[in-house]
Amino acid sequence: MILPMSDKSIESVLTENRVFPPSAEFAAQAHPNAQELSRLHSLASLGTEAFWAAQAREHLSWHKPFTQVLDSTNAPNYRWFADGQLNVSVNCLDVHLAAAGDRTAIIFEAEHGEVRRYSYAQLHAEICRFANGLRALGAKKGDRIIIYMPMLAEAIIAMQACARIGAIHSVVFGGFSAPSVRDRIDDAKARFVITADGGWRAGKVVELKTAADKALCEGGASVEHVIVLKHTGEDIPFKEGRDLWWHDVVAGQSTTCQPEWVGAEHPLFLLYTSGSTGKPKGVQHSSGGYLLGAKLTSKWVFDLKRDDVFWCTADIGWVTGHSYVTYGPLANGNTVVIYEGAPTFPDAGRFWKMIQDHKVTVFYTAPTAIRALMKLGDAIPESYDLSSLRLLGSVGEPINPEAWMWYHRVIGGERCPIVDTWWQTETGVIMISPVPGVTSTKPGSCTKPLPGVEADIVDEEGEPVKGLDAGGYLVIKKPWPSMLRTIWNDNARYIETYWAKFGNRYYVAGDSAHRDKDGYYWIMGRIDDVLNVAGHRLGTMEIESALVAHPRIAEAAVVGRPHDVKGESVFAFVVCKGERPTGDTKAFREELRNWVGEQLGAIAKPDDVRFADNLPKTRSGKIMRRLLRTIARGEEITQDISTLENPHIVEQLRGRE
């Protein structure tokens with residue numbers, strides 16, 4: 001069986017014939033260049049274990065060198081470099097101090113305009129002070145620590161401090177609501193929560209401490225201390241004995257901190273990501289293998305040089321902010337820009353002004369942001385000096401060719417290569433991407449796998465698809481160092497979600513893909529029911545559960561609908577208790593949208609809510625979600641609906657009665 005792709009998607013792939021080779025000027029200074037990339041691929045083809053072992057020995061600083069490369073004893077729970085010891089914080093900071101301690105590590109810009117710069121020496125000192133403060137409170141190797149903060153330098157300091165003492169951090173996106181924080185605290189059994197009095201977004205305060213308090217009222221029995229950064233200056237409640245100010249925690253602490261040497265397989269972090277059913281999954285990443293992937297892909301994909309100013313706009317609450325803000329660029333000794341605030345505050349020129357002011361050379365953002373800013377016209381970015389840019393990147397979802405071309409023409413001035421990257425929270429780092437000095441790019445394609453990544457596209461039986469135009473499951477055929485190790489406290493779910501479909505032979509990404517005549521990969525979207533809204537993965541079950549928790553809602557089904565800016569929007573079909581609302585339902589729809597926002601965060605709010613007497617179910621009680629997707633998209637119904645329990649419901653679901 002070949003996985004279906006929409007006609008529109010197939011057409012966009014098959015008719016896209018624009019090709020953009022790297023300029024001679026860029027190729028001449030790139031590393032890896034064509035010769036080096038060919039060498040890396042050749043080494044990997046001779047054996048992935050030997051390839052990754054060579055990279056790990058060359059690019060990481062080990063306290064105790066490893067002797068075992070890959071342990072497949074308990075496959076698919078793979079282990080890499082397991083008998084080696086290192087510290088991630090040391091690899092990101094200490095290794096640079098002697099030769100480049102005065103180099104700028106972080107440029108932080110606040111929404112209201114404040115700019116702070118940290119050299120590597122200053123950042124190291126602040127991380128050590130906070131790490132010592134955590135140790136003074138009893139934090140130790142293996143403890144789980146929740147970080148629920150705005151996009152501040154202190155958030156990176158907190159993550160690196162956890163790594164320095166061997167604690168396992170779990171960052172919760174600052175836009176998530178109290179129940180989401182509670183669920184993550186309880187699943188991880190966290191001992192500490194690090195937060196702030198609030199954050200700034202579009203000129204308004206986001207009340208993080210208030211949300212954390214609510215989460216701890218509803219759960220969080222494992223939490224002993226809440227460390228609060230004074231940021232907005234808002235009055236907040238303080239619980240004596242539990243709550244501590246950040247500045248009090250670091251007061252009097254030394255600016256040196258002996259690192260905790262950990263095994264390469266020691267968990268560095270947990271990052272919770274939505275699943276198609278049930279509670280969010282605590283994706284567990286290792287220390288050694290993950291850092292190796294983050295460092296190498298930062299260098300390979302972004303061609304990072306020592307004088308680059310790298311701005312990845314992702315929040316640290318997402319894996320992109322882990323790999324390409326907190327770990328990868330710092331391990332390479334680069335300067336990282338971080339920004340707390342909205343991309344259009346106080347006006348739509350904010351991103352472009354920051355690029356101009358900080359002389360950003362490499363810019364990595366999401367198609368959602370590109371599309372939103374593109375809609376505002378060319379005049380805004382053209383009024384700023386973007387000549388410092390030399391490379392652009394895209395992350396989070398496939399980028400449509402029109403947005404790619406605008407990015408190339410208006411932002412990159414037709415001189416900057418674009419790296420359109422495919423990867424996931426679970427893969428840890430970029431897996432498929434152009435290498436900018438080598439790969440000719442095509443708008444909308446992530447091109448080819450990086451060295452050491454063995455990808456393929458298979459059919460329903462797990463066999464490689466035949467023919468150029470066939471779609472199928474995107475899979476990774478061999479383990480790689482930065483891969484997730486398990487789902488925290490649920491290894492059976494790890495195996496079932498990522499490996500079981502094809503008898504543990506492949507890692508199953510959950511995306512459908514197509515490969516063209518040049519071997520370029522085109523990602524066509526999710527196979528399961530996880531929605532990709534503005535680059536954020538949202539489980540339909542989570543949104544449905546939030547809707548049903550409303551006292552007036554009996555049932556709900558959520559599907560995705562294509563959206564020009566967000567890629568996908570949330571479309572909810574709901575069945576009320578009692579009579580179906582009729583007439584003007586605008587106020588009630590808004591009430592439900594806000595209800596979901598309170599439960600899961602604003603990103604999960606349904607864009608559309610439609611009321612029905614029933615959901616379309618088969619006689620066995622299964623909701624026909626494919627039918628709902630067709631209806632949400634306004635497409636003609638072509639699937640067989642003869643098994644529907646109530647075929648007459650279709651017109652109502654269409655909004656026609």
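## A buried pair: D303 and R390

D303 and R390 are both buried. In this predicted model, the two side chains form a salt bridge, and their closest N and O atoms are 2.8 Å apart. The partners come from distant parts of the chain, with their positions 87 residues apart in sequence. D303 sits in the loop between helix 11 and strand 16 (309-312), while R390 belongs to the loop between helix 15 (379-382) and strand 19 (391-394).

## Other salt bridges to look for

The structure holds 36 salt bridges, so here are a few to find on screen. One of them joins D243 to K209, with 2.9 Å between the closest N and O atoms. Here too the chain is linked across a distance: D243 is part of strand 12 (residues 243-245) and K209 part of helix 9 (residues 208-218), 34 residues apart. K209 is buried, with a relative accessible area of 0%. D243 has a relative accessibility of 5% and counts as buried as well.

Another salt bridge brings together the side chains of R515 and D456, at 3.2 Å from N to O. R515 lies in strand 24 (residues 507-515) and D456 in strand 21 (residues 455-458), so this pair ties together parts that are 59 residues apart in sequence. How exposed is each partner? R515 is partly exposed, at 22% relative accessibility, whereas D456 is buried at 9%. Salt bridges can also share partners: K140, D143, R191 and E224 are joined in this way into one network.

## R350 and its surroundings

Next, have a look at R350, which is found in helix 13 (residues 350-358). Is this residue buried or exposed? R350 counts as buried, because its relative accessibility is 6%, under the 20% limit.

Which residues does R350 touch, once its neighbours within four places in sequence are left aside? Its contacts are E109, A110, E111, G113, Y339, A342, P343 and F345.

## Cysteines without a partner

A disulfide is a covalent bond between the sulfur atoms of two cysteines. The count of disulfides in this structure is zero. C92, for instance, is in no disulfide, and the nearest cysteine sulfur, that of C128, is 13 Å away. C92 is buried, at 0% relative accessibility.

Why does C128 form no bond with C257? The sulfur of C257 is the closest cysteine sulfur to that of C128, but the two are 5.3 Å apart, which is too far for a bond; a disulfide would need the sulfur atoms within 2.5 Å. C128 is also buried, with a relative accessible area of 0%.

## Spaces inside the protein

Rolling a probe the size of a water molecule over the atoms shows where empty space is left. How many cavities of 30 Å³ or more does the structure hold? There are four, and the largest cavity has about 80 Å³ of space.

The lining of the largest cavity is made up of 13 residues. Nearest its centre are W52, G293, T297, V429 and S482. Helix 11 (residues 288-302) gives the most to this lining, contributing four residues. By type, the lining residues of the largest cavity are ten nonpolar and three polar, with no charged residue among them.

Terms used:
Residues are numbered from 1 along each chain as its sequence is written. This is a predicted model: local features need pLDDT of at least 70, side-chain atom pairs count only at pLDDT 80 or more; totals for chains, interfaces and linings use all residues. Side-chain values use heavy atoms; hydrogens and water are left out. Buried means under 20% relative accessible area, exposed over 50%, partly exposed in between (1.4 Å probe, protein chains only). On a 1 Å grid over the protein atoms alone, a cavity is a set of points where a 1.4 Å probe fits but cannot get out, and a pocket is an open set with protein on both sides within 12 Å along at least five of seven lines; lining residues have an atom within 4 Å of a point. Grid points are joined across faces, edges and corners, and a volume is the space filled by probe spheres set on the points. Helices (H or I, at least four residues) and strands (E, at least two) are DSSP runs, numbered from the N terminus. Ala, Val, Leu, Ile, Met, Phe, Trp, Tyr, Cys and Pro count as nonpolar, Asp, Glu, Lys and Arg as charged, and the others, Gly among them, as polar. Contact means heavy atoms within 4.5 Å. A salt bridge is a side-chain nitrogen of Lys or Arg within 4 Å of a carboxyl oxygen of Asp or Glu.
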